Amino acid sequence: MNASGSNCAEPAFAPGPPLWLLAELTYRCPLQCPYCSNPLDFAGQGEELSTAQWIEALRQARELGAAQLGFSGGEPLLRRDLVELIRAAHELGYYTNLITSGIGLGEARLDAFAAAGLDHVQISLQAADEALNDRLAGSRRAFARKLAMARAVRARGLPMVLNVVVHRHNIDDIGRIIELCLELEADAVELATCQFYGWARLNRAGLLPSREQLARAERITGEWRAKLAARRHPCRLIFVVPDYHEERPKACMHGWGSLFLAIAPDGTALPCHSARQLPLEFPNVREYGLKHIWYDSPAFNRFRGFDWMPEPCRSCAERERDFGGCRCQAFLLSGDASNADPVCSKSPHHDKILAARREAERTPSAADRLILRNARTSRLIARAR
């Protein structure tokens with residue numbers, strides 16, 4: 001059965017609660033990053049949930065057991081009701097994390113968020129070089145504004161993670177990126193090599209680093225880890241290797257519908273923020289309660305357990321570790337979300353990954369012609385498809 005099938009197999013185990021809730025408040029964003037994971041047709045998505053609808057969704061998720069909450073987007077700062085949502089989440093007992101570009105934050109607004117109960121801030125950087133950062137962000141002075149907001153967060157004593165999506169345009173400067181993040185006094189640095197969904201998939205030829213680039217970046221990150229450990233420095237360096245350079249898939253989201261629940265701006269509930277590209281009918285919080293969505297909806301049960309797995313996953317000794325890998329990646333590369341993740345060397349579609357690696361070694365000319373995310377481009381791409 002393919003992913004659009006309606007006869008859902010019963011999960012092999014009862015799911016626990018959705019411990020981690022991602023509230024994607026809007027797909028709107030002042031930046032135009034070419035690796036954005038939001039849908040290509042984000043400009044044509046439905047109306048955003050109202051303040052009251054978001055608060056009700058937060059309440060229901062908290063009742064189910066959700067404890068950590070990320071306010072994300074797009075750019076969540078574009079929601080005028082963000083301070084109200086943070087306050088409501090704090091009163092409900094969430095640990096709240098603002099996942100932002102930092103553009104449009106401002107010190108007065110940051111103070112209001114802190115007073116409302118915000119617990120944590122994650123700010124994205126595109127590069128350590130100002131010109132490259134602003135080119136990738138598609139926005140002038142983005143770099144300066146990001147640095148100012150990172151310093152403002154630290155001045156207020158809020159925990160802060162700096163996130164850098166790593167790709168072939170910035171990976172060779174990984175040492176300077178780490179130095180900058182340490183200068184900004186980050187509690188943790190996420191060096192997350194680009195994952196190829198949404199706009200990143202469209203730009204894969206220009207983003208996937210070569211094996212040599214990746215090996216050098218891992219070595220430099222390891223050297224910095226050793227330096228920090230020797231100094232007993234508290235900052236954690238997290239380096240995420242791209243799936244495309246692996247032979248075994250990751251346990252995507254710790255398993256489908258296992259711990260993670262995302263709610264898109266229009267209220268669509270998803271087991272991961274990229275899942276709406278799959279040919280499944282996902283439920284919406286405007287129509288269903290979250291208890292029904294999480295435990296009973298066909299979409300959330302579709303890839304739970306192991307009964308849905310075909311070979312080679314069904315008899316694989318690692319299936320309880322990696323759950324067959326990423327369903328979105330399986331669909332995008334093989335055409336069927338039920339297939340083994342092509343990252344796995346056992347997958348009959350692993351040749352797609354090998355071809356992408358060969359492409360990365362050739363330093364394709366497309367590397368300097370990245371398609372930036374913006375509303376006009378989004379509409380044109382959606383129309384062409």
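His254 is exposed in this predicted model, with a relative accessible area of 53%. The residue sits in the loop between strand 7 (236–240) and strand 8, and its phi is near 60°, a positive value in a residue other than glycine. That makes for an eye-catching spot in the backbone, since most residues other than glycine have a negative phi. Phe323 joins His254 on this list, with a positive phi near 55°. Phe323 is found in the loop between helix 12 and helix 13 (327–334), and at 22% relative accessibility it counts as partly exposed.

The peptide bonds have something to offer too. Most peptide bonds are trans, but Gly73 and Gly74 are joined by a cis one, with omega at about 15°. Gly74 belongs to the loop between strand 2 (68–72) and helix 2 (82–92). Another cis bond runs from Glu311 to Pro312, where omega is near 10°; Pro312 falls in the loop between helix 11 (298–301) and helix 12 (319–322).

Gly74 turns up again around the annotated cysteines. An unreviewed UniProt entry places a "binding site" feature at Cys29, Cys33 and Cys36. Cys29 lies in the loop between strand 1 and helix 1 (51–64), and the loop between strand 1 and helix 1 holds Cys33 as well. How buried or exposed are these two? Cys29 is partly exposed, at 29% relative accessible area, whereas Cys33 counts as buried at 11%. Setting aside neighbours within four places in sequence, Cys29 touches Gly74, Glu75, Leu78 and Arg373. On the same basis, the contacts of Cys33 are Gln126, Leu136, Ala137 and Arg373.

Ala137 leads on to a helix pair. Helix 4 (residues 130–137) packs against helix 5 (residues 142–155) at an angle of about 105°, with the axes 8 Å apart. As angles of 65 to 115 degrees count as roughly perpendicular, helix 4 and helix 5 are therefore roughly perpendicular to each other. Helix 4 brings Glu130, Asn133, Asp134 and Ala137 to the contact, and helix 5 brings Ala142, Phe143, Ala144 and Lys146. On a wider scale, the unreviewed UniProt annotation "domain: Radical SAM core" spans residues 15–231. Over that stretch the chain is 45% helix and 16% strand, and the end C-alpha atoms are 42 Å apart.

Now for the rings: the count of aromatic pairs comes to eight. Trp20 and Phe260 are a stacked pair, because their ring centres are 5.7 Å apart and their planes meet at 20°, within the cut-off of under 30 degrees for stacking. This pair ties together distant parts of the chain, with Trp20 in strand 1 (residues 20–24) and Phe260 in strand 8 (residues 260–263), 240 residues apart. Trp20 is partly exposed at 26% relative accessibility, while Phe260 is buried at 11%. Phe303 and Trp308 make an edge-to-face pair instead, as their planes are at 80° and their centres 5.0 Å apart. Both Phe303 and Trp308 are buried, and together with Trp256 and Phe282 they form one aromatic cluster.

Charged side chains also meet rings. The charged end of Lys227 sits over the ring of Trp224, 4.3 Å from its centre. In another case, Arg319 lies over the face of Phe306, at 4.5 Å from the ring centre.

Definitions and conventions:
Residues numbered from 1 in each chain as written. Predicted model: local features only at pLDDT ≥ 70, side-chain atom pairs only at ≥ 80, totals over all residues. Heavy atoms only, no water. Phe/Tyr/Trp six-rings, centres within 6.5 Å; stacked < 30°, edge-to-face > 60°. Helix = DSSP H or I, 4+ residues; strand = E, 2+ residues; numbered from the N terminus. Buried < 20%, exposed > 50% of the residue type's maximum accessible area, 1.4 Å probe, protein only. Lys NZ or Arg CZ within 6 Å of the ring centre and 35° of its normal. UniProt positions renumbered as here; feature names shortened; annotations may be inferred. Axes fitted to C-alpha atoms, helices over the stretch in contact; angles between N-to-C directions. Parallel < 35°, antiparallel > 145°, perpendicular 65-115°, else oblique. Contact = heavy atoms within 4.5 Å.
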